[in-house]
Every structure is written in structure tokens, then in C-alpha cells.
Amino acid sequence: MIVEELKALQHQFGYLPADQLRALAQKIEVPVTRLHQVASFFPHFRLAPPPKCNVLVCRDMSCHLLGGDKLRMNTEKRFHGARETDLTIRGVSCLGQCDHPLAVSVNDRIYADVDEAQLEEMIRGVLATGELKEPFARYEQVQCKSDPYHGLERYAAVRALVESRDWDSALAALKASGRLYPAKLARRKVSGRPWETTSSQDRPIQIRSTPPKIALCQ
Ligand code: FES
């Protein structure tokens, strides 16, 4: 809940202004120190206005192996002397593009397969015009024989659920598919589906009027 409120604030202001944090603390009846703890824990949140160009270079395994550190350091050297209000360049955890390193985020847009020249061009473009180019043309999707959804619509159950909001039907469809039953539980011959067990539990802790949410780790 706190994260969602902070995301909404940052979306509105571009960062988390101190007076807005105080107002939020009053609104949701949480100490402002708690909001600050959450905001400073996640690198996504900013407590100061963002620079014109905010660059994050992935430093996790795939990108690291392909030279993510070198890309970041060389880019820092190229823009040495730039003011912090214009440009910041930092490392960041995986950007979800591990199959196409190197990955960077520029002003919250994610680019894969980036090289030094492309990153420099993007930064210069943002600093000069404020404009950010579209992510580079994406690669063709590779068809894998192991893909169980080949030729089928993806995320059909989720799409149907978003339309209908009919949770019981969605869970029934998952159950009927037999695909999402955790192998570990199957080996242990656990009967019933985890969501059935979980959703039927009494919930002694409920935060204000927040609707109950069930998260299942597969
Ligand atoms: S390791 Fe770089 S995007 Fe995942």
C-alpha cells in the first residue's frame, strides 16, 4: 500500500517532495519516517527532482559479462563535468532484458542491445531537446519447441479475468488447465490447490479497508 501511494506521488510530481510525503503520512496514518524508509530503500523512488537525463546501466550477470561496467564507466568519462541537474549515470539491478544485454534505462524507458555509441546519442538527444527516441527495433521472437503456448493466445486467463473480474471462474480455469500445479506439491501428493487452501483461510490481519490479496509463488 505504501509503495503504491509513493508510486502515485512520484508519477504526479516526478519525485517525492517532502511536503507531499508529510501530507501522505497524515492521510494514511503512517509515520513519515516509515514512508522515508520505504522511499529510500527502493532505487526507483527519488527524494529530489530528477535530472534532465537519468541513466541506469544494468550491472547484473548477463550485462556484466558483456561489459556493462565498461559501458557505464566510458559513458561517465564522456560526460565528465556534466551537472547533476542535467545528467546522472548509475548502476542498477536487472532490467529484465537478460537475453539481450546490454540493457539501460533512460528516463524510465528501457533499452536492450545498447552499445556505447547508441547510449551517447540518446543522452545527447535528451540533453539537447528533452526528447527520447523510441526503443530500438525489437528482435524477432524465437519459437521454442518447449513453448506450451505456441499458436495460442497468451495470458488468455488473465485477459478474461480483467474483463469479467470473476475470480472463481479464473481459478476454476487455472485448475482445469492443470498447468500451474506446483510440481513439488504434486510429488508430495498434497491434495487441493494452494489457492483454494489459502483463499479459504481466516485472515486475522486485515489492514483497514484494503481488499484481501492472494499471492502464490510458483
Ligand atoms: S542482467 Fe541485465 S537486464 Fe538482466
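**View 1. Val-57 and its partner in strand 3.** Val-57 stands opposite Val-104 of strand 3 in this predicted model. Strand 1 (residues 53–58) and strand 3 (residues 104–106) are antiparallel and share three bridges; two strands count as paired if DSSP finds at least two bridges between them. Helices (H or I, at least four residues) and strands (E, at least two) are DSSP runs, numbered from the N terminus. Residues are numbered from 1 along each chain as its sequence is written. The model being predicted, local features need pLDDT of at least 70 and side-chain atom pairs count only at pLDDT 80 or more, while totals for chains, interfaces and linings use all residues.

**View 2. The open sheet of four strands.** Its strand order is 2-1-3-4, with mixed pairing. Strand 2 (87–92) and strand 4 (109–111) are at the edges with a single partner strand each, so one side of each has no neighbour in the sheet. From one strand to the next, the twist averages 20 degrees.

**View 3. Helix 7 and the residue after it.** Helix 7 (residues 156–164) is hardly covered, with zero buried residues among its nine (buried: 20 or more other C-beta atoms within 10 Å of the residue's own, C-beta atoms being placed from the backbone). Arg-165, just after helix 7, has a positive phi of about 60 degrees.

**View 4. Confidence along the protein chain.** The average pLDDT (the predictor's confidence in each residue, from 0 to 100) is 83, and 78% of the residues score at least 70. Among the elements, helix 5 (residues 68–78) has the highest mean, 96, and helix 9 (residues 183–187) the lowest, 49. Where pLDDT is low, the predicted coordinates should not be read in detail.

Definitions and conventions. Buried ≥ 20, exposed ≤ 12 C-beta atoms within 10 Å, placed from the backbone. Axes fitted to C-alpha atoms, helices over the stretch in contact; angles between N-to-C directions.
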